[in-house]
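Good morning, colleagues. Please bring the structure up on the screen, and I shall take you through its two chains and the contact they share.

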Amino acid sequence: MSEAALPHDLPDVPAAYEPSLFGTYSKKIGMWLFLLSDSLTFGALLYAYSYGRISTPNWPTPFHSESIVNATVMTAFLLTSSLTMVLAVRAAVFGDAKKQRLWLLATMACGMGFVILHGREWSTLIAEGLTLPVFPKLAEHATATEFADVAKTVPQFPATFFGLTGMHMLHVTLGVIYLGIVALRRTFIPILLVFWLAAWLGTPASSPFHYGAHILLVAAIVCAIILWLKPKVYDSADVEVAGLYWHFVDLVWMFIFPLVYLMSAKIL
Amino acid sequence: MEAFQQAIAERVAEQHRHHRMTQFFVVWAALLILTAVEVYLTYQNMPAVRMLTILIGLSLVKAALIIGYFMHMKYEISRMKWLTMCSLVACLALMMIFFPDALRIISLGVK
């Protein structure tokens, strides 16, 4: 069907160039290549988690109903963000700039909801003793029992759990920034700096997010340089390419959610 | 070259204009329902291997829906579909070479 809908030769374009090998524009092919390589990164992390689970007889199942409900709501946020992203692409191809911006902002809001819920869950788990040696020690750890035992007896669990979900959270955060730049361009830089200050000053020094918030500062600097070097109005192709990245982040979560949360649930 | 790329992008955009909006809502609803099924199964206390098989199956269906409809792979030309998906599946399948080692550790009883 698609072969007929999108012919390789473009009769209205001078025949100075060869037809597109993949039937689409190079920015989109470039994003697909990036996503293929990134899926191997997540594949390696998921396989590492699965390897640990298979080879460890006493693999913990620490996620109670509250964690499962929280992760389910996070999943709903991501799935809804994918729908709003598709609607943003649709608005872009119809040339409706206002709707495009609104749907992009809705997508960002869902992504931020996901990150906030995930951050809250991380903070709870860390306070209850499921932590890594690199994370700061908390006063609550002295009295923590169940999760502290997990961290001591099966250190592979917190290592792979925080590694996998942390990498995904980083991707979602960068995705929100990417969409913010596409939607608001230069206007987003001061907004991003406000987010950085709020995240840095609003989290206690004992939280891993206190220093992790500096990712937003680095992203603001990188985005400012890009926008200064190549200022442009983003067209429907740019929105579609940004959408590919966003859907990929959603796609990866469709494997993390069942493998990490549902398979490690403690339902009483 | 820029004009050439823009012409292709315009063709792709034209293709997008013909997609029905309802199909995206149907896919979104299907993804939510599949997620609800996954969570329901979690509360059924099934044997781990059977549970894992069903969850992986459902995740693959969800992944296919996202790639096919949300990422528009369904509407790409065959060459694009086959090259990207086959290379991805082949690379991910190769990583499974580590799993026999994980099973070996269990059967050796290494603490």
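Let us start with helix α3 of chain A, residues 65-93, in what is a predicted model. This helix has 29 residues. From its first C-alpha to its last it reaches 42 Å, close to the 42 Å expected at 1.5 Å a residue.

Is α3(A) largely enclosed by the rest of the structure, or largely open? Of its 29 residues, 21 are buried, so α3(A) is largely enclosed by the rest of the structure. A residue counts here as buried if 20 or more other C-beta atoms lie within 10 Å of its own. After α3(A) comes A:Gly95, which has a positive phi, near 75°.

Let us now widen the view to chain A as a whole. Chain A holds 10 helices and zero strands, and its pattern along the sequence accordingly reads α-α-α-α-α-α-α-α-α-α. Of its 268 residues, 41% count as buried. As for the contacts in chain A with a separation of 6 or more, 74% of them are accounted for by residues 24 or more positions apart.

I turn next to chain B. Here there are five helices and zero strands, and from the N terminus on the elements run α-α-α-α-α. Buried residues make up 20% of the 111 residues in this chain.

What is the radius of gyration of chain B, and what would a compact globule of 111 residues have? Chain B has 20 Å, whereas such a globule would be near 13 Å. Taken along the principal axes, the C-alpha atoms of chain B fill a box of roughly 65 × 35 × 20 Å.

Chain B is also divided into two parts: domain 1 covers 1-75 and domain 2 covers 76-111. The C-alpha centres of these domains of chain B lie 21 Å apart.

Finally, we come to the contact between the chains. How many residues does each chain give to the contact? Chain B provides 52 residues and chain A provides 50 residues. On the side of chain B that touches chain A, the elements that give two or more residues are α1 (2-17), α2 (21-42), α3 (48-70), α4 (78-94) and α5 (99-108) of chain B. The largest share of that side, 12 residues, comes from α1(B). By character, the residues on this side of chain B divide into 36 nonpolar, 10 polar and six charged.

Thank you for your attention.

Conventions:
Residues numbered from 1 in each chain as written. Chains lettered and ligands numbered in written order. Predicted model: local features only at pLDDT ≥ 70, side-chain atom pairs only at ≥ 80, totals over all residues. Contact = placed C-beta atoms within 7 Å. Helix = DSSP H or I, 4+ residues; strand = E, 2+ residues; numbered from the N terminus. Nonpolar A, V, L, I, M, F, W, Y, C, P; charged D, E, K, R; others polar. Expected span 1.5 Å × (residues − 1). Buried ≥ 20, exposed ≤ 12 C-beta atoms within 10 Å, placed from the backbone. Domains from an automatic or database assignment. Rg over C-alpha atoms; globule rule 2.2 N^0.38 Å.
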